[in-house]
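The questions below concern a predicted model. Please consult the sequence and the coordinates together while reading the answers.

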Amino acid sequence: MQAERLRGEEARRLAPLRRGWAALRAGQERHRPAVLSLLVLAACLLPWSPLGTPFVVHVAILVMLYMVLALGLNVVPGFTGLLDLGFVGFYGIGAYTAGLLTLRFAGADGWTGWLGSFWVILPLAALHGALWGVLLGAPTLRLTGDYFAIVTFGFSELVVLIITNEVWLTRGPMGLPGIAPPSLGGYVFGSNLSMYYLILGMVCFTVLVMHRLAESRLGRAWFAIREDQVAAQTCGINLLTYKVIAFAISAAFGAMAGSFFARWIQFISPNMFKFWESIFILCMIVLGGMGGIVGTMLGAALLITLSEVLRVVLPPALVGARFLLFGLILVLLMRYRPGGLVPSAQPPRGRRVARGRRGEAL
Amino acid sequence: MFLQQLINGLTLGGVYALIAVGYTMVYGVIQLINFAHGEIYMFGAFLAYTFAGTLGVPFYLAMVLSMLCCAGLGMLIDLVAYRPLRLAPRLAALITAIGVSLFLQNLARILWGAQNKPFPHAAVPAYLHETALRFAGVTVSYLQLFMFAVTLAMMASLHFIITRTRYGKAMRACAQDRVAAYLMGIDMDRIVTATFALGSAMGAVAGVLVGVYFNVIFPTMGYTAGVKAFAAAVLGGIGNVPGAMLGGLVLGIGEAFGAAYLSSLYSHGIAYAIMILVIVLRPYGLLGKREGVKS
């Protein structure tokens, strides 16, 4: 009783804030094209503004890279409701596909061999990622959530082990240095500034694809699976097919981001693709609000900025330990705001209990 | 060679089994993969290191103290992180578990530093590192004997607790059917707390044993060991305590032979490969029941 009354009071106190937020959201809904164009324009101008120091541009590229990654991962836990702990495996597959093809086929200018061109490698890497997504997903997506999560995790660990140990192919722990940057015609994307616009384009492309997917028949099937598998199946949705498609698309975006990463940073090594990277990306979509596009991007922006600022601010001994904060964020969010910062749908809390599996309810 | 690998594998397998039991008990009762369990194992090793190495507590006492502290830590984690989420979707609890694991791992980094630490030799009774038996080209150290004895004793007492005591009966009831157990007046929260305490204490012992055996401890040690132990739990059939013991031994032996005869580079990979194969082909494990795994 007491608690309920308190909650009521709190609700009353927060009411004006809520109304303001609702108005803001409604305005954003109504003027969405204008808001979007303004945001993209602002992003285009950022490097030329007084804010655009080399450090800021570097962090911005990182933010956008992780936006692509987080949006890619979001398809599986966010849209389809399956926990994927091995996303970074696909990121690594993409990066190594790009790195190896570039080193083998691209000339010094990164253009000579057509197979070494970034614009050929990008879709190839995405396809390669999707292929592994299907190979891994088809046999394992029949399992319930927990088991599937563990399999994906094992897969990403195996990917790291293989690229560490198959020295003849990947040079193992020494990594692949000297990967040429992308080029188009005669123009080489040699500077951070040009890479900034390249990744900005990739983010726009990813957002567009994700938005169209979420509105499509495919997306609706995913949401149905997320909300209630049994009901979805009853409505004639082939669970396995739709889950495999989600997994493959997610993997393709991971690999795509990986190929950008390889050509941007120009050096890749196995320990860039460790398990904690997956958790970091997962943390972004949880923070932003699973399933939402805006929230996911916001989560990526916040966490990368936080991480990079902490890297500069913290004493060297504590830099590695900044993940402590991310762990805390995950725990607190699940406890107090399971829907994330920008909840995309009403989080199913409590109500589900009565309908849970045997033994799940109380 | 063969016999030596078998003995090494059994020693390590016993440790995996000790950790795996913690996973499997918690999973049995609340269907949660407690990702933080590997971190408890790591804390067990580090606490014993602090007690025995820094504070000069006798080794065996340090081991018991570390067990008690980890049991407390396990209960605390459940109370603070998992209990508020009992009614939330499974995904939320799983993500929380990952968060706790990340938090503890980095807490250890802050408390003890990120470098590898040797387990102080002076803190461990000297005879443990001596050779106890030598036959047919096989050497067994006192430490290996000690590890084996401790593992056996822990397993036996756990088996006793689960099958013979009131608490064990209540735990099995909760694992079988939570609602029915609740209706019979079993206090779910108390059972879960006790389960966490018991599992964490076993994990802590494993941490101390491995720390002394390999003579190195580091903040990320719980990660690999945790995964392998989880693989062992899956192998034996998750939720099944004797299965976890068997799974640990099988995995330990498999790893020892794999490293010796196949490739030492891929010794970690063997655990992952076994885990994936088991999950795909026989998700209910070696001893598990055939239900509730496929959707």
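**A charged network and its surroundings**

Q: Is B:Arg83 buried, partly exposed or exposed?
A: In this predicted model, the relative accessible area of B:Arg83 is 24%. Buried residues fall under 20% and exposed ones over 50%, so B:Arg83 is partly exposed.

Q: Which residue of helix α8 of chain B forms a salt bridge with B:Arg83?
A: The closest N and O atoms of this pair are 3.7 Å apart. B:Arg83 lies in the loop between α3 and α4 (90-112) of chain B and its partner in helix α8, so the pair ties together parts that are 106 residues apart in sequence. The partner is B:Asp189.

Q: Is B:Asp78, which meets B:Arg83 in a salt bridge, buried or exposed?
A: The side chains of B:Asp78 and B:Arg83 meet with an N to O distance of 3.8 Å. B:Asp78 has 0% relative accessibility, and therefore counts as buried.

Q: Which residues are joined into one network by salt bridges that share partners?
A: B:Arg86 forms a salt bridge with B:Asp189, with the closest N and O atoms 3.6 Å apart. B:Arg86 is in the loop between α3 and α4 of chain B and B:Asp189 in helix α8, so this pair ties together parts that are 103 residues apart in sequence. Through shared partners, the network consists of B:Asp78, B:Arg83, B:Arg86 and B:Asp189.

Q: What is the relative accessibility of B:Arg86, and what is that of B:Asp189?
A: B:Arg86 counts as buried, whereas B:Asp189 counts as partly exposed. The values are 18% for B:Arg86 and 31% for B:Asp189.

Q: Which residue caps the N-terminal end of α8(B)?
A: The cap involves the backbone nitrogen of B:Asp189. A side-chain oxygen lies 3.2 Å from that nitrogen, and the residue supplying this oxygen is B:Asp187.

Q: How many residues of α8(B) are buried?
A: Helix α8 of chain B covers residues 188-214, and its end C-alpha atoms are 39 Å apart, which agrees with the span expected at 1.5 Å a residue. The helix is followed by B:Asn215, whose phi is positive, near 55°. α8(B) is largely enclosed by the rest of the structure, because the buried residues number 22 of the 27.

Q: Is B:Ser66 buried or exposed?
A: B:Ser66 is found in helix α3 (residues 59-82) of chain B. Leaving aside neighbours within four places in sequence, its contacts include B:Gly44, B:Phe51, B:Ala204 and B:Val208. With 0% relative accessibility, B:Ser66 is buried.

Q: Which elements of chain B give two or more residues to the nonpolar surface patch?
A: The patch has an area of about 1,100 Å², and among its residues are B:Met1, B:Tyr60, B:Phe135, B:Leu145 and B:Leu262. The elements giving two or more residues are α1 (2-30), β1 (131-135), α5 (142-164) and α10 (241-262).

Q: What is the separation of the C-alpha atoms of B:Gly137 and B:Met1?
A: B:Gly137 is in the loop between β1 and β2 (138-141) of chain B, and counts as exposed at 70% relative accessibility. B:Gly137 and B:Met1 are 136 residues apart along the chain, and their C-alpha atoms are separated by 7.8 Å.

Definitions and conventions. Residues numbered from 1 in each chain as written. Chains lettered and ligands numbered in written order. Predicted model: local features only at pLDDT ≥ 70, side-chain atom pairs only at ≥ 80, totals over all residues. Heavy atoms only, no water. Patch = residues over 30% accessible without salt bridge, like charges linked within 9 Å, V, L, I, M, F, W, Y side chains within 5 Å. Areas by Shrake-Rupley, 256 points an atom, 1.4 Å probe, with all protein chains shown as cover. Salt bridge = Lys/Arg side-chain N within 4 Å of Asp/Glu carboxyl O. Helix = DSSP H or I, 4+ residues; strand = E, 2+ residues; numbered from the N terminus. Buried < 20%, exposed > 50% of the residue type's maximum accessible area, 1.4 Å probe, protein only. Contact = heavy atoms within 4.5 Å. Expected span 1.5 Å × (residues − 1). Polar contact = N/O pair within 3.5 Å; in protein donor to acceptor, adjacent residues only side chain to side chain.
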